[in-house]
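Biologist: Could you take me through this structure step by step? I would like to begin with the overall picture and then turn to single residues.

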Amino acid sequence: VGNALWRTDGTAQGTFELKTGFAGFSEFTEFNGKLFFRSGKIPQEDRVAWSELWASDGTPSGTVLVKRSSSYDVNIAPSTNTYLFFGASDAATGWELYRTDGTVAGTALVKDLLPGTGNGFRGVSTAAPVGNLLFFAGNNGTSGTELWKTDGTSAGTVMIRDINPGVGDGKDGGAFSLKNLIYFRGNNGEKGW
């Protein structure tokens, strides 16, 4: 029961169901030759809500669950040359940035920016890629929301600069990459956004 994912190559023989039982589909994205999408149960009244990131290589056995979030909040972020990034919740870490190379084994939390159950990742709309790096807004609980970068590893995930020193927010809103540069809305605490 539930929605079914189908695929076609444009012929009757090449049109068939891959998997069924999904609670809807959204955020279809291609990465590394695979289709990624979100499926989930929308929160209604007092019912439990969740969402999942799935990947498909176009075969039934290659249509697999990559990550299930503890809330209705899986959101696919831009990809770099190396990883597809996404936001997801875990009961132990809150909403944080994750990455995948397209396999279940290659899917992991990038870094718990705000240790504990707080939300350190500030949203996919704040993220933009350049080469193997993803730039995004993050909050570590001491520096406010600032500009961060990651190569997909915990050690390679660092705040670039505390633009608005202290707990004030230095980065807000979206980000855009062009010619190996990132453009974003910033606030140094003196001139406003």
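Modeller: The protein chain has zero helices and 16 strands. Please keep in mind that this is a predicted model.

Biologist: How does the radius of gyration of the protein chain agree with that of a compact globule?

Modeller: For 193 residues, a compact globule would have a radius of gyration near 16 Å; the protein chain has 18 Å, which agrees. Along the principal axes, the C-alpha atoms fill a box of roughly 65 × 45 × 30 Å.

Biologist: And what percentage of the residues count as buried?

Modeller: Of the 193 residues of the protein chain, 42% count as buried. As for contacts with a separation of 6 or more, 35% of them come from residues 24 or more positions apart.

Biologist: Let us turn to the sheets. What is the order of the strands in the open sheet that contains strand 8?

Modeller: That open sheet has four strands in the order 7-8-9-10, and the pairing is antiparallel. Its edge strands are strand 7 (75-79) and strand 10 (107-111), each of which pairs on one side only. From one strand to the next, the twist averages 40°.

Biologist: How many bridges link strand 8 and strand 9?

Modeller: Strand 8 (residues 84-90) and strand 9 (residues 94-100) pair over seven bridges, in the antiparallel sense. As an example, phenylalanine 85 has arginine 99 in strand 9 as its bridge partner.

Biologist: Which strands form the edges of the sheet with the order 11-12-13-14?

Modeller: This open sheet consists of four strands with antiparallel pairing, in the order 11-12-13-14. Strand 11 (128-130) and strand 14 (158-161) are the edge strands, each pairing on one side only. On average, neighbouring strands of this sheet are turned by 40° against each other, with direction ignored.

Biologist: What about the pairing of strand 11 and strand 12 in that sheet?

Modeller: Strand 11 and strand 12 pair over three bridges in the antiparallel sense. Alanine 128 stands opposite phenylalanine 135 in strand 12.

Biologist: Now the interior. Which residues make up the largest nonpolar core?

Modeller: The largest nonpolar core has 12 residues in all: Ala77, Tyr83, Phe85, Trp95, Leu97, Val110, Leu113, Phe121, Ala127, Leu134, Phe136 and Trp148. Strand 9 and strand 12 (133-139) are the elements that give two or more residues to this core. There is also a second, separate core of 11 residues, which includes Phe31, Leu53, Phe86 and Tyr98. In soluble globular proteins, nonpolar side chains tend to be buried together.

Biologist: Back to the largest core for a moment. What does valine 110 touch?

Modeller: Not counting residues up to four places away in sequence, valine 110 touches Phe85, Leu97, Tyr98, Arg99, Thr150, Gly152, Thr153, Ser154 and Thr157.

Biologist: I would like to ask about the aromatic rings. How many aromatic pairs are there?

Modeller: There are 12 aromatic pairs, counting rings whose centres lie within 6.5 Å. In one of them, phenylalanine 22 and phenylalanine 25 have ring centres 5.2 Å apart and planes at 50°, so the pair is tilted. Tilted pairs are those with planes neither under 30 degrees nor over 60 degrees apart.

Biologist: Are these two residues buried or exposed?

Modeller: Phenylalanine 22 is buried, with a relative accessible area of 4%, whereas phenylalanine 25 is partly exposed, with 28%. Phe22 and Phe25 form one aromatic cluster with Phe28, Phe37 and Trp54.

Biologist: Let us change topic to the backbone. What is the phi of glutamate 27?

Modeller: Glutamate 27 has a positive phi of about 55° although it is not a glycine. Glutamate 27 lies in strand 3 (residues 26-31) and counts as partly exposed at 26% relative accessibility.

Biologist: And where is asparagine 180?

Modeller: Asparagine 180 is in the loop between strand 15 (171-178) and strand 16 (181-186). Its phi is near 65°, a positive value in a residue other than glycine. Asparagine 180 is exposed, with a relative accessible area of 65%.

Biologist: One last residue: what is asparagine 140 in contact with?

Modeller: Leaving aside neighbours within four places in sequence, asparagine 140 is in contact with Leu113, Leu114, Pro115, Trp148 and Met159. Asparagine 140 and proline 115 are 25 residues apart in sequence and 7.5 Å apart in space, C-alpha to C-alpha. Asparagine 140 lies in the loop between strand 12 and strand 13 (145-150) and is partly exposed, with a relative accessible area of 21%.

Note on methods
Residues numbered from 1 in each chain as written. Predicted model: local features only at pLDDT ≥ 70, side-chain atom pairs only at ≥ 80, totals over all residues. Heavy atoms only, no water. Phe/Tyr/Trp six-rings, centres within 6.5 Å; stacked < 30°, edge-to-face > 60°. Buried < 20%, exposed > 50% of the residue type's maximum accessible area, 1.4 Å probe, protein only. Pairing = 2+ DSSP bridges. Axes fitted to C-alpha atoms, helices over the stretch in contact; angles between N-to-C directions. Core = buried A, V, L, I, M, F, W, Y, C linked by side-chain atoms within 4.5 Å. Contact = heavy atoms within 4.5 Å. Rg over C-alpha atoms; globule rule 2.2 N^0.38 Å.
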